[in-house]
Structure formats: C-alpha cells, structure tokens
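Grab a pencil and work through these short exercises. Try each task before you read its solution.

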Amino acid sequence: MRILILGAGGTGGYFGGRLAQADVDVTFLVRANRAAQLDRDGLVIRSPLGDAAFPVAHVTAEALPELARQRPFDLVILSCKAYDLDSSIDAIAPAVGPATTVLPILNGLRHYAALDARFGRDRVLGGLCFISATKAGDGAVLHLDKPAKLTFGERDGGAASARVAALAAACAQAGIDHVASEDIAREQWVKYTFLATLAAGTCLMRGDVGSIVATDHGTALMQALYAECLAVAAHADQPIPSVAQQIALGAVTKAGSPIKASMLRDLEAGQRVEAAHIVGDMLDRACAAGQAAPLLQAAYCHLQVYQAQRGD
C-alpha cells in the first residue's frame with residue numbers, strides 16, 4: 001500500500017512515522033521549510049511508546065503532481081485542523097487518482113460533505129483517531145500520552161473491504177493499535193458526542209473536568225451537555241450504546257480529573273479553534289432536529305466571541 005500523509009505534524013507525523021518506521025511505503029506532503037528540516041534531522045518522534053529518529057520520504061506541493069503520475073498513491077491520510085480543510089483538499093487533490101482512497105482522521109463529521117463533493121463518496125473512508133500529539137518547536141513529533149489508536153472502515157458498514165484490510169495489515173506491520181470497524185458510523189458518533197461535550201464544557205467553563213465538577217452544579221452541567229449530544233445522535237439514528245455512555249459520562253464527570261479538550265488548550269494559547277466543526281456542528285444538528293440545546297448554544301456563543309476577538 002502506497003500512502004501519502006498530509007503534513008508531518010503531531011497526528012500525521014506520529015502515525016505516518018510509525019508506518020514508515022516499519023517499512024510501509026509512506027510519503028509526507030510538506031511545505032518547503034518542513035522539507036528542509038526533515039532533510040536535516042529526519043523525522044523525530046518522542047513518545048512513551050518509544051522514541052525514534054529516521055529519514056522519511058517527503059514531497060512539496062510543486063513536485064506532487066509528477067510524483068503521483070509516476071507512482072500513484074493508494075491512500076491519502078488527512079489529519080489537518082478543520083479550519084484548514086479547504087486548503088488541505090486542494091493540496092492533496094493532485095495525489096487522488098482513479099484508484100486512490102482518502103482517509104480523514106479529523107474530529108467530528110462535518111468534513112465529509114466537502115470531501116465527498118470533491119472526490120466522490122466512494123473514495124472516502126470513515127476514520128478517527130485517539131491520540132494527543134503535537135509538533136515541538138524543534139520539529140520533533142511529541143506524543144504526549146500512551147493512547148495512539150486508529151479506527152477506520154467503509155462508511156456503509158459491513159465486512160472489511162480489500163482497502164480496509166490492506167490498511168489494517170499495514171497498521172499491524174507497524175504495531176499501531178487499530179480497529180478495522182464494520183460500523184464506523186457508530187464509532188464516529190461515540191467519539192463525537194463525547195468530544196463535543198468535553199469541548200463545549202471545558203471551553204465554556206475555561207477549566208478542566210475536575211475544576212468543573214468541583215463546583216456546586218458542575219456535574220449536572222456536564223451531564224446535561226452530554227444529554228444534548230446524545231439526543232442529536234439518536235435523531236441521526238445513531239444511538240450511543242449504554243456501555244459507551246457510561247464510559248463517556250465517567251470521563252466528563254470524574255472528580256479531580258485534569259482532562260480538558262484540546263480545543264481549550266488551543267484557546268488558552270490564543271490559537272485558532274475548531275469551534276464550528278465540533279461544537280457549532282453539533283448545535284446545528286440539534287437545531288435542524290428541532291431539539292433544544294441551550295448549553296451547546298452557550299458554549300458556541302462563547303467560542304464565537306473568542307474568535308471575533310482574535311479577528312477570525
């Protein structure tokens with residue numbers, strides 16, 4: 001399987017790096033300054049699962065069309081921030097040939113409409129990941145905690161297709177924790193409802209879960225936020241299984257928990273946030289279903305004020 005990874009930052013750099021480390025045919029699509037850095041230092045990974053530094057194949061946008069013509073890619077993995085989706089789609093387009101599959105591992109669900117419109121629904125797999133990773137100032141990929149898992153599958157469900165099986169084999173070769181799901185929609189909604197709750201709650205309160213639930217009504221607030229998200233999933237014919245609900249509720253109401261959404265970390269750093277793609281999209285779905293979602297509404301208004309102050 002010949003794979004193109006958009007970027008060599010935290011998420012793409014980690015998963016792509018582990019694949020490349022295991023001799024899977026991986027190329028990174030990067031900007032000129034990142035290409036120079038990779039030429040000089042190789043791809044550096046610092047991780048509780050093992051540090052590594054090694055040379056990797058990479059290409060810039062100018063050289064991508066010719067490279068894809070000479071050796072077409074089987075798979076393009078997309079792990080950009082949601083606010084960079086349009087430019088990312090343009091960047092990978094020269095690599096998407098007649099037999100190329102696109103695997104997005106972005107948060108949420110909103111990006112599928114744009115990917116389907118550009119490449120066709122049959123070219124786009126369903127995917128998600130669980131990882132906390134970023135790119136350090138020196139260019140190293142910093143994996144911040146042990147979880148590093150990929151989940152993917154055909155969006156219409158059913159047994160693994162040849163392309164899903166091929167990716168699963170590549171992940172196994174690389175020792176990447178992965179699931180080739182026969183019901184990727186359910187997996188996506190389980191994560192999306194949890195993530196939207198965590199992002200909305202911690203951003204609205206500007207604090208981690210432990211700080212929120214330590215207040216008089218914090219636990220009730222997080223429970224009510226999750227209930228709003230569960231109602232959206234149920235209306236989409238994707239009810240969240242009870243076991244998954246228990247796990248998510250435990251995580252968003254755990255006393256003393258330092259967990260906060262990556263969106264809050266971005267906000268605290270004064271950076272752009274994926275507000276519309278996660279909290280805003282969940283609110284839009286609630287409104288379209290005629291469901292009241294006052295807490296999602298408050299959280300999204302809060303995030304929009306922050307964005308306006310930044311000038312986004």
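Start with the pocket: α4 (85-92) and α12 (276-288) each give at least two residues to the lining of the second largest pocket. Keep in mind that you're looking at a predicted model.

**Exercise 1.** Describe the lining of the second largest pocket by class: how many residues are nonpolar, polar and charged?

*Solution.* Step one is the total, and 14 residues line this pocket. Step two is sorting them: six are nonpolar, three are polar and five are charged. Step three is finding the middle, where Ala82, Tyr83, Arg110, Ala276 and His277 are the lining residues nearest the centre. To finish, the space inside comes to about 250 Å³.

**Exercise 2.** Work out whether Gln307 is buried or exposed.

*Solution.* First, place the residue: Gln307 belongs to helix α13 (residues 294-310). Next, take its relative accessible area, which is 17%. Buried means under 20%, so Gln307, at 17%, is buried. Last, check its company: setting aside neighbours within four places in sequence, Gln307 touches Val273, Ala275 and Asp312.

**Exercise 3.** Now do the job for Pro98: is it buried or exposed?

*Solution.* Begin with the location, which is the loop between α4 and β7 (101-104). Then look at the relative accessible area of Pro98, 78%. The cut-off for exposed is over 50%, so Pro98 counts as exposed. One extra step gives you a distance: the C-alpha atoms of Pro98 and Ile176 lie 28 Å apart, with the two positions 78 residues apart along the chain counted as their separation.

Terms used: Residues numbered from 1 in each chain as written. Predicted model: local features only at pLDDT ≥ 70, side-chain atom pairs only at ≥ 80, totals over all residues. Heavy atoms only, no water. 1 Å grid on protein atoms, 1.4 Å probe; cavity = no way out; pocket = protein on both sides within 12 Å on 5 of 7 lines; lining within 4 Å. Points joined across faces, edges and corners; volume = space filled by probe spheres on them. Helix = DSSP H or I, 4+ residues; strand = E, 2+ residues; numbered from the N terminus. Nonpolar A, V, L, I, M, F, W, Y, C, P; charged D, E, K, R; others polar. Buried < 20%, exposed > 50% of the residue type's maximum accessible area, 1.4 Å probe, protein only. Contact = heavy atoms within 4.5 Å.
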